[in-house]
Amino acid sequence: MTLDFQYFFDSACDGMIVFDASRRVRLANQAFAELVGESIDDLVGRHVEELTEQSDRPAHPSPVQELAKHGSVVTMHRVRGAEGEPIDVEISSTLLPDGGMFSVVRDIRRRSTEGAPRTSGSMRSFAHEPEHSRDFRLLFDATPLPAWVYDAETLRYHVVNTAAVTHYGYSEEEFLANTIMFVRPLEDPERVPDYSHAAPGRDRVGSFRHRRKDGSLIDVETISYGFELDGRSVHLVVINDVTDQLRVRQHQEQVQAQVLLAQKMDAVGRLAGGVAHDFNNLLSVILGATESLGQALAPYDPLQEDVTDIRDAVARGAALTRQLLIFGRKEVRTPGLLDLNEVVESVERLLERVLGNTVRVELRREVDHAPVVADASQLEQVLVNLAVNSRDAMLRGGTLTITTGQTELPIDEASMLDITPGPYVTIDVEDTGIGMDEATRSRAFEPFFTTKGPSHGTGLGLATVYGIVRQSGGAISLRSAPGAGTRVRIHLPRGDAATHAPPPAALPDESRGLVLLVEDEPRVRSQARRLLQRSGYAVIEASDGVEGARLFEERRGAVTVVITDVVMPIVGGVEMVAALREHDPALPVVFVSGYTAEDQDLPLDERTVFLTKPYTIAALCDAISTVVPS
């Protein structure tokens, strides 16, 4: 069977140009002539640089410059279309043996599945013009994109070009001994393209997967040209490997999805922060009234039990608001000396609600006292996140075991965990779930990595746990295997009671000083004023930062300590304190807020502390004692 490459050249839907050694047009096909709106005769003799936009050249070097380095290149350029509009094109060029150049020009706007038929008035028969057959076979082999011709009935290859042999790794003999199904993966359901309805002279565009000789799979876009040859229907196929482009696109889509998720979680965090702020203001009023009621009642009054119940309910409400702020804000940590055993016991009831009736919780102590310096709410968050992960791995039920202990890490073990050697308190969270394979285990702490569906997991749970543990100076490790459950071990530096002992909780004596109280919520401000006055302080009140600065100026030198909310209208607490400290750099300040996280960094130091609402009068007096020199 003889192949008419002249027909291929003239009827191709992509533009094709042959340049001589001086880079002037020797041949051009009808597709390129139609693209630029000129006749083939007018194009012959034109220099390659006359075919591209002048403004395009500084940013996009011509194929000639790149060919000198690589022999074949694919570049993006802009040409002037038939209507005078600029058109972006992809040019695939190959250096010919005589020093000339063969280029395929593809209009990247063309994405239709079927192009218009093209015919040529200059079609020649290979049988009558053998010298042209040789020329066009040379062009076929010089095409930088893989290409082949196959029989439409038998699907057998008739010819493949050099680019196909190079790109796929099969020899020409291997191609010719097989059908086009040879490169299609067996697992693909629709492996044979249906071109039965494609008329000769029309092109078809398709997307497929191909398998190379080394076993790797590639994604390709194909253009198939159907025509009659020696009485048989054949197709010439040009292949463009788009594997890398698809990977880039998929990566961009994943990044975009992660950005959208992060924005959504940030919005949720901001909303939760506003709810927590307002709710904590309400809790502050309730707690303040409870404190006053408890002090007014006799120690053995039966109503003291009700006061205690109210106080406990307020504490649980405050804990719930902290759980609203898992995502979306930078956490303001309030670390203190804690007994890890007590933290685990305090969260046991919450874990039982989270895990449901099918999962049993076991708490084990290997030591009676497990002191750590950490934020209690963050440790509770760690335990809840780990418990939720374990629950999802035990769909048919099981046991979650939490064990606290201690260990002395030597240099080699500490180095592997990227922490300093020394004494550590440990906490093991172990489940009897399905476990993880090595690929999942190695990525478990990556942000946004999840094995759950899009509507069931964010991929932030274990990443949050990792961040909290590292922020606390500790390390986390994971051991798991399919069918063998999962154990997460956390190392936290053992606490030093002498260094981190809390300040005494005794109330200050009467007339200990003047408090400037700045709070925008009237009920919270009124409640705090009464508690401070009962504790022996004189109080002046302001509803925002502007009024607070004015009162400070009026009583300059008399203010002992400033107690201020962080978030207020007009001027917030941070801005007000910065202005006051321009006059009194050593001014003691207690920041209070219904948030446990803020967008701005609080200037915390030995004269500045942060107190979360709702607070007891004892906690407020402790905070004052911390910043006011005795």
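Four elements, α10 (340–355), α11 (376–393), α14 (461–471) and β17 (486–493), each supply at least two residues of the lining of the second largest cavity. Keep in mind as you look around that this is a predicted model. Besides that cavity, this briefing visits a hairpin and a helix.

**The second largest cavity**
- Searching the whole structure turns up four cavities of 30 Å³ or more, and the second largest has a volume of about 70 Å³.
- Its lining is made up of L340, V343, L379, V382, L383, I427, I468, V469, S472, I490 and L492.
- Helix α11 provides the largest share of that lining, with three residues.
- Sorted by class, the lining holds ten nonpolar residues and one polar residue, with no charged residues.

**The β6–β7 hairpin**
- Strands β6 (residues 147–151) and β7 (residues 157–160) run antiparallel and are joined by three bridges.
- If you would like a pair to find on screen, V149 has V159 in β7 as its bridge partner.
- Five residues lie between the two strands of this hairpin, and L155 in the turn has a positive phi of about 65°.

**Helix α17 and its cover**
- In helix α17 (residues 573–580), the buried residues are G573, V574, M576, V577 and L580.
- Viewed down the axis of α17, these buried residues fall within an arc of 165°, so they line one face of the helix.
- The elements covering the buried residues of α17 include β18 (514–518), α16 (545–554), β20 (559–565) and β21 (589–593).

Methods. Residues are numbered from 1 along each chain as its sequence is written. This is a predicted model: local features need pLDDT of at least 70, side-chain atom pairs count only at pLDDT 80 or more; totals for chains, interfaces and linings use all residues. Side-chain values use heavy atoms; hydrogens and water are left out. On a 1 Å grid over the protein atoms alone, a cavity is a set of points where a 1.4 Å probe fits but cannot get out, and a pocket is an open set with protein on both sides within 12 Å along at least five of seven lines; lining residues have an atom within 4 Å of a point. Grid points are joined across faces, edges and corners, and a volume is the space filled by probe spheres set on the points. Ala, Val, Leu, Ile, Met, Phe, Trp, Tyr, Cys and Pro count as nonpolar, Asp, Glu, Lys and Arg as charged, and the others, Gly among them, as polar. Two strands pair if DSSP finds at least two bridges between them. Buried means under 20% relative accessible area, exposed over 50%, partly exposed in between (1.4 Å probe, protein chains only). The arc is that of the directions from the helix axis to the C-beta atoms. Contact means heavy atoms within 4.5 Å.
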